[in-house]
Amino acid sequence: YIVVHPVPKHLKQMISIKDGDFLIAVDQAVEDVILQGFHINLAVGDFDSLKNHALLKGLEVLRLDVEKDLTDTESALIYASKMGFKAINLVGGLGGLRFEHSYANILLLSKFKNLSIITEQSKVFKLSVGRHKLEFDGYVSLFALEDSILSLEGFKYLLNDYELNITNSIGISNEIVDSFGIVDIKYGSLLVFLTKKEQ
């Protein structure tokens, strides 16, 4: 787990740390993670946004330069990727006052395999070529990361070999109406948003 600002207020309802899991807190997320009672395995950042630097005492820290080519979040992802984890969950990182940081985090889904972004409202991840089974009782939105051809089965709004380009929003706010939905991607890759219905 890589926890990033803005940090969800109810982390314990979202994530359960098991043996073998590794939690990285990025920059100002360190304070939120500690306040919510989680053990931090690694703190990453330049910490220009962390108000209380005393919180870093006793933690393993990967300190970054303030002026750099990568965001603190991407640096944390590179570190986690090198550790060889099967899945990486970026917790938080969407919303807040700096929309450009949210956008930069979404772009990371194209760059890192087995990465998901989870917030209290949504889960966001990438799907590549193949048949994918989805089970979710909420809104399912699909956007092309690159020009794609896809079919949908078990959804309220069906598609059959539809050519979805990166400017097309036809995939927004769909719903699974069967026990599960199938996203069959014949070409390209998709960005998938699973969002709770109360939103």
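This passage describes the fold, the core and selected residues of a single predicted chain.

The model is predicted, so local features are reported at pLDDT of at least 70 and side-chain atom pairs at pLDDT 80 or more, whereas totals for chains, interfaces and linings use all residues. Residues are numbered from 1 along each chain as its sequence is written, and side-chain values use heavy atoms, with hydrogens and water left out.

The chain contains four helices and eleven strands; these are DSSP runs numbered from the N terminus, with helices (H or I) of at least four residues and strands (E) of at least two. The radius of gyration, taken over C-alpha atoms, is 18 Å. This value agrees with the radius near 16 Å for a compact globule of 199 residues, where the globule rule is 2.2 Å times the number of residues to the power 0.38. The C-alpha trace spans about 55 × 35 × 35 Å along its principal axes. Of the 199 residues, 44% are buried; buried denotes under 20% relative accessible area, exposed over 50%, and partly exposed the range in between (1.4 Å probe, protein chains only). Among contacts (heavy atoms within 4.5 Å) with a separation of 6 or more, 58% come from residues 24 or more positions apart.

The accessible surface of the chain is about 11300 Å², and carbon and sulfur atoms contribute 50% of this area. Accessible areas were computed by the Shrake-Rupley method with a 1.4 Å probe; for residues, only the protein chains shown count as cover. There are 20 positive and 26 negative side chains, and the centres of the two sets lie 4 Å apart. Lys and Arg count as positive and Asp and Glu as negative, while His and the chain ends are not counted. Each charge is placed at NZ of Lys, CZ of Arg, CG of Asp or CD of Glu.

The largest nonpolar core comprises 22 residues, and Ile2, Ile24, Leu77 and Leu115 have the most contacts inside it. A nonpolar core is a set of buried Ala, Val, Leu, Ile, Met, Phe, Trp, Tyr and Cys residues joined through side-chain atoms within 4.5 Å. At least two residues of this core come from each of strand 1 (2-4), strand 2 (24-26), strand 3 (42-45), helix 3 (72-82), strand 5 (88-92), helix 4 (99-111), strand 6 (115-118) and strand 11 (181-195). Beyond its neighbours within four places in sequence, Leu77 contacts Ile2, Ile88, Leu108, Phe112 and Leu115.

Leu77 is also one of the buried residues of helix 3, which are listed as Asp72, Thr73, Glu74, Ser75, Ala76, Leu77 and Ala80. The cover over these residues includes strand 1, strand 2, strand 3, strand 5, helix 4 and strand 6. Helix 3 is followed by Gly84, which has a positive phi near 80°.

Three further buried residues were examined in their surroundings. Ile118, in strand 6, has a relative accessible area of 12%. Apart from neighbours within four places in sequence, Ile118 is in contact with Met14, Ile15, Asn89, Leu90, Val91, Gly92 and Lys123. The C-alpha atoms of Ile118 and Asp72 are 18 Å apart, with their positions 46 residues apart along the chain. Ser102 belongs to helix 4 and is buried at 4% relative accessibility. Not counting residues up to four places away in sequence, Ser102 touches Gly93, Leu94 and Gly95. Val33, in helix 2, is buried at 0% relative accessibility. With neighbours within four places in sequence set aside, the contacts of Val33 are Val3, Leu11, Leu23, Ala25, Phe38 and Ile40. Val33 and Met83 are 50 residues apart along the chain, and their C-alpha atoms are separated by 21 Å.

Backbone geometry was considered last. Most residues other than glycine have a negative phi, and most peptide bonds are trans. His5 and Pro6 are joined by a cis peptide bond, with omega about -5°; Pro6 lies in the loop between strand 1 and helix 1 (11-14). Asp27 has a positive phi, near 50°. Asp27 is located in the loop between strand 2 and helix 2 (29-35) and is buried, at 6% relative accessible area. Asn114 also has a positive phi, near 60°. Asn114 lies in the loop between helix 4 and strand 6, and its relative accessibility of 53% makes it exposed.
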